[in-house]
Amino acid sequence: MKNTIIYHGSNVEVSNPKILINGYYKDFGYGFYCTNIEKQAKRWALTKKGASVVNNYSYLKNPELKILCFSEMTEEWLDFVVNCRRGKMHTYDIADDQIWDYVEDYTADKISKEAFWALVKFKYPTHQIVFCTEEALQTLHYEGSITL
């Protein structure tokens with residue numbers, strides 16, 4: 001199996017990734033969020049106070065882990081993300097998808113489900129992969145970081 005390079009945007013070097021429980025629910029709940037798009041990781045890093053650091057990792061998929069992968073947006077994907085953002089826990093080690101900014105508006109009942117699907121047709125997707133368990137973090141090998 002081939003290693004994949006993924007990135008994590010932060011304000012610090014993260015040589016030993018951890019799952020931080022901070023009370024704020026994201027698309028897949030708590031976990032260590034990365035992307036396979038370097039430009040996106042740079043954008044994440046630039047939103048942080050202080051330094052802007054892009055951390056690089058090689059990721060080797062472990063088929064023994066419970067992995068949820070959405071290759072496209074579906075009703076199942078939308079329901080899963082909304083449930084996670086509302087604090088509902090799941091049992092996956094890793095979740096992987098393409099995300100859209102409109103999920104927050106849908107979750108807050110600012111737009112309907114129909115409006116959500118209409119809007120995302122015109123939005124370029126981004127990528128995220130989240131490592132939700134300690135076992136999942138073991139699939140990452142720190143390669144280094146750059147400060148922007």
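**Exercise 1. Thr139 and its place in the fold**

Task: In this predicted model, decide whether Thr139 is buried or exposed, and find where Thr139 lies.

Solution. Start with the accessibility: Thr139 has a relative value of 8%. Buried means under 20%, so Thr139 counts as buried. Next, place the residue: Thr139 belongs to the loop between helix 5 (134-137) and strand 7. Finally, look across the chain to Leu65, which is 74 residues away from Thr139 in sequence. The C-alpha atoms of Thr139 and Leu65 are separated by 9.8 Å.

**Exercise 2. From strand 7 to the surface**

Task: Which residues make a nonpolar surface patch together with Ile146?

Solution. Begin with Ile146 itself, which sits in strand 7 (residues 140-147). Its relative accessible area is 37%, so Ile146 is partly exposed. Patch members need over 30% relative accessible area, and the 37% of Ile146 is given above. The partners of Ile146 in the patch are Leu46 and Leu148. Together, the three residues make a nonpolar patch of about 270 Å².

**Exercise 3. Reading helix 2**

Task: Which residues of helix 2 are buried, and which residue with a positive phi follows the helix?

Solution. Helix 2 covers residues 75-85. Go along the helix and note the buried positions: Trp77, Leu78, Phe80, Val81, Val82 and Cys84. A general point helps in reading such a list: an α-helix has 3.6 residues a turn, so residues three or four places apart point the same way. Now step past the end of the helix, where Gly87 follows with a positive phi near 95 degrees.

One of the buried residues, Val82, also offers a link to helix 3. Val82 and Thr107 are 25 residues apart in sequence, yet their C-alpha atoms are 6.0 Å apart in space. Thr107 lies in helix 3 and is buried, with a relative accessible area of 17%.

**Exercise 4. How two helices meet**

Task: At what angle do helix 2 and helix 4 pack, and what is the handedness of the crossing?

Solution. First take the geometry: helix 2 and helix 4 (residues 113-120) pack at about 110 degrees, with their axes 12 Å apart. Then classify the angle. Values of 65 to 115 degrees count as roughly perpendicular, and helix 2 and helix 4 are therefore roughly perpendicular to each other. Last comes the handedness: helix 2 passes helix 4 in a right-handed crossing.

**Exercise 5. A network between the helices**

Task: Find the salt bridges that Lys113 forms with Glu75 and with Asp79, and say what the three residues build together.

Solution. Side chains of opposite charge can pair when their charged atoms come close. Take Glu75 and Lys113, whose closest N and O atoms are 2.9 Å apart in a salt bridge. Glu75 lies in helix 2 and Lys113 in helix 4, so this pair ties together parts that are 38 residues apart in sequence.

Now turn to Lys113 and Asp79, whose salt bridge has its closest N and O atoms 3.8 Å apart. Asp79 is in helix 2 and Lys113 in helix 4, so this bridge ties together parts separated by 34 residues in sequence. Put the two bridges together: shared partners join Glu75, Asp79 and Lys113 into one network.

What about accessibility? Glu75 is partly exposed at 38%, Asp79 is partly exposed at 36%, and Lys113 is partly exposed at 24%.

**Exercise 6. The other end of helix 2**

Task: Which residue does Arg85 meet in a salt bridge, and how many salt bridges are counted?

Solution. The partner is Asp27, with an N to O distance of 2.5 Å. The pair links distant parts of the chain: Arg85 is in helix 2, while Asp27 is in the loop between strand 1 (4-10) and strand 2 (32-34), 58 residues apart. Arg85 is partly exposed at 23%, whereas Asp27 is buried at 5%. The count of salt bridges comes to 3.

**Exercise 7. Two loop residues**

Task: Where are Asp109 and Ile37 found?

Solution. Asp109 is in the loop between helix 3 (102-107) and helix 4. Its phi is positive, near 60 degrees, in a residue other than glycine. At 65% relative accessibility, Asp109 counts as exposed.

Ile37 sits in the loop between strand 2 and helix 1 (38-46), and counts as partly exposed at 30%. Ile37 and Ile6 are 31 residues apart in sequence, with a C-alpha to C-alpha distance of 7.3 Å.

Key:
Residues numbered from 1 in each chain as written. Predicted model: local features only at pLDDT ≥ 70, side-chain atom pairs only at ≥ 80, totals over all residues. Heavy atoms only, no water. Patch = residues over 30% accessible without salt bridge, like charges linked within 9 Å, V, L, I, M, F, W, Y side chains within 5 Å. Areas by Shrake-Rupley, 256 points an atom, 1.4 Å probe, with all protein chains shown as cover. Salt bridge = Lys/Arg side-chain N within 4 Å of Asp/Glu carboxyl O. Helix = DSSP H or I, 4+ residues; strand = E, 2+ residues; numbered from the N terminus. Buried < 20%, exposed > 50% of the residue type's maximum accessible area, 1.4 Å probe, protein only. Axes fitted to C-alpha atoms, helices over the stretch in contact; angles between N-to-C directions. Parallel < 35°, antiparallel > 145°, perpendicular 65-115°, else oblique. Left-handed = near helix turned anticlockwise from the far one by under 90°.
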